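Please look at the sequence and the 3D structure shown here before reading the report. The text deals with one strand and its surroundings.

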Amino acid sequence: MEVTGSRQSVRLGKQATDGCCTPCPDSGETEGLSKVQEVLQCNQNEGKTLQTTTPPEGKNRRSVVSLPAINPDRLRTAKAIANKAVKMHKIFSIQGPYPVIRAGLRARGWVEQHMYRPKQQAHHRHSDESRASSNDAGDSDDDDDNSDDVEKEPDPDGLNDLMSRLVRNEMVYFYWTNRRETINSNSLQKEQMINHFAKAGSFTTKVGLCVNLRNLHWFDSADPDTFFPRCYRLAAQDEKQAFIEDYRRTACISLLKYIVEREQNSQGEGTNRRKRCKRQSRPVVLSLMIDKALKVCQEFLESVEHTDIDISLETPDTLTQEEWTEFIDNYYCVVHGEAQIESSNHLVTCCKAMLQQLAAVSPQLDIDGTHNIWIIKPGAKSRGRGIKCAKRLDQILRLVGSDSTLTKDNKWVVQKYLERPLLVYGTKFDVRQWFLVTDWNPLTVWFYKKCYLRFSTQPFSLDILDSSVHLCNNSIQKHLRPSQQRHRGIPADNMWSDEQFRTFLSSQGRKAQWETVVVPGMKKAVIHALQTTQDLMESRKNTFELYGADFMLGRDLRPWLIEINASPTMAPSTTVTARLCAAVQEDTLRVVLDRRTDRTAKTGDFQLICRQAAVEVPQYIGVNLLVEGFRIKHPCPLPPLRPSNFSAPKHRGTIKEKETAAQKVKFLPKMWSKSAEGRLKNTSSGGLPPPPPPPPLPEPPLLVPIETFTLHLPMTVNESIRLPVHAYSDSVLLYKRRTEVLKVPSEKVQSCTTEKHQDLSLLLDITIPKQCKRTVTGSLSI
C-alpha cells in the first residue's frame, strides 16, 4: 500500500507541474479521492510549496510529495453545492475581473467553471484588437489590461477553486465575457446563455452607425439629423465628394453666421477684434464673398425643397474649383481675424434672412458654429485612440490619405464636430448611458435610469484642437493632469453622477429639462439606432448584451448620439463608476436571470422602453431558385370583322357555310375545328376574347372616276381561312390553325376604286401572325 501511495503521489505531483489550466485525467481510484487530490495539486501549483521526503538509504530513492491535510467538511460542502448546481443547470464561466457578476451568480446558487486563456494570447490582445474590431468586434472601451487574471479575486478557503474543479467537465449554462470572439455562439446549445450578440458591428462601429442611420426613413419617420451629427466615409468616393460639398456649404453658412454674430457682439469685443486685425490685414471683398455664399445657400434650399428638378444637368456650378479655393482661403482669413472687413446693415440683413430660411430645414444649424471644425475617427480603433479634430479641408483629406490600410478598408469616418455644446463651468463633457438588449425579435430594449458624466481636463476652446480639450474618454483623460485654469467645481477624477448634474441644472433653473428633453431624447436615439440594424442582427434566444452609448448635449439640452460601445468598461476607476457600474451589473442579472423564473421580479433601475411585436421568420430551406408552374393553352386570337357593310365570302363545293347572320356581322370565329371532310365549324364557346378592332384608316383622295368590279381569288391554302380585305388597303390577313389542305374558292370580296383598264394586276401583302409558323400559299387571278 505504501508503494502504491508513493506512485500515486509522484503521478499527481507530475500533473501539478503542468498547471491547473489543463484538466487532470482520472487515475482510476474513487471519484471523490481523485477529485480532491486534483484540487490539492492545483492549489499547490498556484504557489504552495510541495514537500518531498527522502527514503532511508538502501532503498530505492523516490520523490514523495506530501499532500496537505484534507478537510472533509469543506469537501462535503463543495460537493453538495456543485451537485446541486449541476442538477439545476447553474454552471457559469466568466472572462475578466467581474467581481460583481461573480458574487451575484454565486449568491443565486451558481458555480463557476474557470475560463483560462493562454498567457501569450493576453500579451498580444491589444496588438490584435484593431483586426478583431474590423471583423465584427465593434467599439469597446474596456481598457483593463489584466482582465483575464482570475487569481486577483480572493478565495481564502479555496472553496470556489474546489468547486470549479468538481464541475470542470460539466456544461456551462451562462457565459459572461468582455470579448465577443472568445465564445463561438454558433456552437452553443439553445439553453446556454451568453452576453454578446453576433454581428453587432452594424451599430457598435463608427462606420456601421454612420451607414445604417441613413436608412432610418425605412423604419421610422424620424430624421437622423436631429440626433446624430452628419457623418461620411471618406474611403468611399461618392461620400468623399458629398463631404467636400458639405464642407464648402458649411463654410458659406459659417460666414453668414459670423457676420451676424460679429454685428451682435459688444463694442468692447469689436474694438479688440479690430485691433487684432490691424496687426495682420489682408484685402478681402466681403460683399462679393457674401454674394457667393448666398447663392450656394439658395441652391441648397432649392435642393432640399425639390424645386431644382427643372434645372438641366449641363448647368455650370455656381463656383468653379479655383473660385472655391479662393473662397475657402478668404473664409479662413475672415473668421480667424486675419482680414480687416467692414460690414454694412444691408449685408447683415441679407445674412439674417438666409439664416432664418436655413434654420427651418437644417436641424444642425445651431451646433455647427462658425469655425467649420470636423472630427476624424479611425473606425478600427476604440477608446478615443487616433481621433483628431481639424478645420481645414486639405488637412482632413491629407490626414485620411496617410493610412492606406484604413482607406482601403473604408474605416475612416469624418463627422461634424459640435462647436457649441453645453458646458459645465466652461468645460466640455459627455454622458455615458447604458442600455440592455435582451432580444432582437421582438426587439426588446431596457434603458438604465442612471448615468454619469465625463469631463475633459482642459477648459473648452475652439482655438486649440487638442484631444485633452475635445475628447472626454476616461482612457485618455486619466493620463492627463487637470489644468489650473479649469473651474474648481469639477472634481479631479473628471466625473459626475447624474444626480450631481441635475443639481447643476437646478442652479441654472433648468432642472425640469432633464426629464422632458434629455432623457426622452436619449431613449429615442437609442431606439432609432437599433431599428436600423434589427434586420442585420442574428436573433439568438438566451442572448443579451449591455451597451454603453455616448451622448453630448447642445445648448438647448438636446442630446446628440456620438457612438455606441460594446463591452462598456466596468472598472471602478472613480467613486462614481465604482457605485454605478456595480449597480448596473447587478440589475442586469435581475433582468436576464430573475425575470426568467418570475415575471414580477424587480429589475432595479432598468426600464423597458421598447418591445416590438414578434415577426414570424420563414424557415430557411436553402437556396432554391426553382419556379414551378404550368403552360396556359389558348388559341390564336383573331381580330373582329369589319362593320356589317362588308360581306363575308361564300364557300362553294364541299364546304358548307354554317354561320348565322348574327355571327357574320359581329365577330370572326374563335376556334376552327378539324374534320376529315374539311368542313368549317364555328365554336363560339371557349378561347380568349378577340382583340379590339384596329383603328379606321383615312380615306384616300378621289382623283379618278369610280367603277366597281368583282375580284375572284382562287387560292390553295393548308387549311380553312377567311380573307377580310379592307376597302382602302392592299393587305389580306390569313389565319391558319390546322394542317389540312383545302381548296378555298372565293367570290366577291369587296368593291374598290380603280381606273378603266383591260388588264389589272393587284399586289397583295399577306400578313400571318407569329403563332402560325406554317406556310400559306395562294394565287390571285383577275
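What follows is a description of strand S10 and the sheet around it, based on a predicted model.

Strand S10 covers residues 412–416, and because five of its five residues are buried, this strand is largely enclosed by the rest of the structure. In a regular strand the side chains alternate between the two faces of the sheet. In S10, Trp 412, Val 414 and Lys 416 point one way, whereas Val 413 and Gln 415 point the other way, and all of them are buried.

The strand belongs to an open sheet of four strands, which has the order S7-S10-S8-S9 and antiparallel pairing. S7 and strand S9 (388–390) stand at the edges with a single partner strand each, so that one side of each is left without a neighbour in the sheet. Neighbouring strands of this sheet are turned by 25° against each other on average, direction ignored.

With strand S7 (residues 231–233), S10 pairs in the antiparallel sense over three bridges, and with strand S8 (residues 374–378) S10 likewise pairs in the antiparallel sense, over five bridges. The table lists bridge partners in S10.

| Residue | Bridge partner in S10 |
|---|---|
| Tyr 232 | Val 414 |
| Lys 377 | Val 413 |
| Ile 375 | Gln 415 |

Helix H10 (residues 237–264) packs on the sheet, where the helix touches S7, S8 and S10, and the direction of H10 makes about 145° with that of S7. S10 is thus touched by H10 and, within the sheet order, stands between S7 and S8.

Definitions and conventions:
Residues are numbered from 1 along each chain as its sequence is written. This is a predicted model: local features need pLDDT of at least 70, side-chain atom pairs count only at pLDDT 80 or more; totals for chains, interfaces and linings use all residues. Side-chain values use heavy atoms; hydrogens and water are left out. Buried means under 20% relative accessible area, exposed over 50%, partly exposed in between (1.4 Å probe, protein chains only). Helices (H or I, at least four residues) and strands (E, at least two) are DSSP runs, numbered from the N terminus. Two strands pair if DSSP finds at least two bridges between them. Axes are lines fitted to C-alpha atoms, for helices over the stretch in contact, and angles run from 0 to 180 degrees between N-to-C directions. Contact means heavy atoms within 4.5 Å.
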